[in-house]
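Please look over the model below with its ligand in view. The points that follow are meant for someone who has not seen this structure before.

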Amino acid sequence: MTNLIDFSDKSNSEIELILNTAKVYKQKLNSGNINDKIELKSVLQFKKIGLCFFENSTRTKISFDVAANNLGAETYNLDVNTSSTVKGETLIDTLKVLERYGMDCFVIRHNESGIFKVLERQFDLPLINAGDGTHAHPSQALLDLFTIKEHFPNLSELKITIVGDLTHSRVAKSNIELLSKLGVNVNVFAPGTLFPYYLDLTNEFGENIRILNSIDKVIENSNVIMLLRLQKERMAAGLLPNSSEYHKYYGINDNSLKKVAERGIYIMHPGPVNYGLEITNNINHYDKNLILNQVENGIYIRMSILNYLLNS
Ligand code: CP
């Protein structure tokens, strides 16, 4: 059974296939030809997708829902707050119930890092990791890569720096894992208190990673800057200076945005954005802001992931 938990069991050709299929889906959905949309509706006809989000989400949850519907699948959203998990039912029992209702695939977000190690032993249907604690968010990394490749089809030209809460960000880990797998050198920049142990201890990733020590160095050494959301819900107290210090030294503020614009650097952020912290509100007037492109591309990538796991 094939799952999408992280990229450890995925080959470069599988990644390429997912990206290429997403490109075809993007073309078909935007062709203006109704027959293309009708044709897509047959790809996952009669399949049932369970969306089980035990943590909040707008982008990932809705885009998987839209993606499944674009391919003709039916979706079933577990409303965690009104479900029997509130009465103490376990995650596994809850999913076993939904499995008996005929689900063909589960898309799961959960706050426990590594929860899929347990789940993959319990279920024989494809599992998609929609974010597990601080571990991984593979569909986000794939949509980020898809967005990057629209501007840098030749990844050897890419100079990307990931900035911010590297310790708690599953988006950072999945992007580093994916980009490193594809041989892309990644720069990182973070406050010392948010600099993760995994970067200097894990040789698997360490080879391709360069640590930068100021936002000016980031601007000098990047053609794409990927900012991370500060994961306050996962942070111990005292890890950050106050918000204005963070914005001044680690964010793209109005001053650094001017330099970013002079160099034509693309800006990415997985969302949701904390304006005035990771990034200035004026980013919304910047033409190389890719944040909404990432949002839209999430549909095509998640269609491709669903097709890959359910039709392979
Ligand atoms: N980027 C991301 O995972 O956003 P959501 O939390 O809105 O799904």
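The notes below deal with the ligand, the pocket and the cavity.

1. Status of the model. This is a predicted model, and the values given here should be read with that in mind.

2. Surroundings of the ligand. Which residues are around the ligand? One run is Ser 57, Thr 58, Arg 59 and Thr 60, and the others are Arg 109, His 137, Gln 140, Pro 270 and Gly 271. By type, this shell is made up of six polar residues, two charged ones and one that is nonpolar.

3. Polar contacts of the ligand. Two of the contacts go to oxygen atoms of the ligand: a polar side-chain atom of Arg 59 lies 2.8 Å from one, and a backbone N or O atom of Thr 58 lies 2.9 Å from one. Gly 271 faces a nitrogen atom of the ligand instead, with a backbone N or O atom at 3.2 Å. The ligand taken alone exposes 260 Å², and 91% of that is buried by the protein.

4. The pocket. Where does the ligand sit? Its place is the largest pocket, which holds about 310 Å³ of space. The lining of this pocket counts 18 residues, and those closest to its centre are Arg 109, Arg 170, Arg 229, Gly 271 and Pro 272. Two elements, α3 (59–70) and α7 (170–181), each give two or more residues to the lining. The lining divides into eight polar, seven charged and three nonpolar residues. Of the residues closest to the pocket centre, Arg 109 and Gly 271 also belong to the residues around the ligand.

5. The cavity. How many cavities of 30 Å³ or more does the structure hold? There is one, and the space in the largest cavity is about 60 Å³. Its lining consists of Arg 59, Ser 63, Gln 140, Leu 143, Pro 270, Gln 294, Val 295, Gly 298 and Arg 302. Two or more of these residues come from each of α3, α6 (138–151) and α13 (291–311). The largest share, four residues, is given by α13. By type, the cavity lining has four polar, three nonpolar and two charged residues.

6. Residues to view twice. Arg 59, Gln 140 and Pro 270 line the largest cavity and are also among the residues around the ligand. Arg 59 in addition places a polar side-chain atom 2.8 Å from an oxygen atom of the ligand. The helix α3 gives two or more residues to the lining of the largest pocket and likewise to that of the largest cavity.

Terms used
Residues numbered from 1 in each chain as written. Predicted model: local features only at pLDDT ≥ 70, side-chain atom pairs only at ≥ 80, totals over all residues. Heavy atoms only, no water. Near = heavy atom within 4 Å. Polar contact = N/O pair within 3.5 Å; in protein donor to acceptor, adjacent residues only side chain to side chain. Areas by Shrake-Rupley, 256 points an atom, 1.4 Å probe, with all protein chains shown as cover. 1 Å grid on protein atoms, 1.4 Å probe; cavity = no way out; pocket = protein on both sides within 12 Å on 5 of 7 lines; lining within 4 Å. Sits in = over half its atoms within 2 Å of the grid points. Nonpolar A, V, L, I, M, F, W, Y, C, P; charged D, E, K, R; others polar. Points joined across faces, edges and corners; volume = space filled by probe spheres on them.
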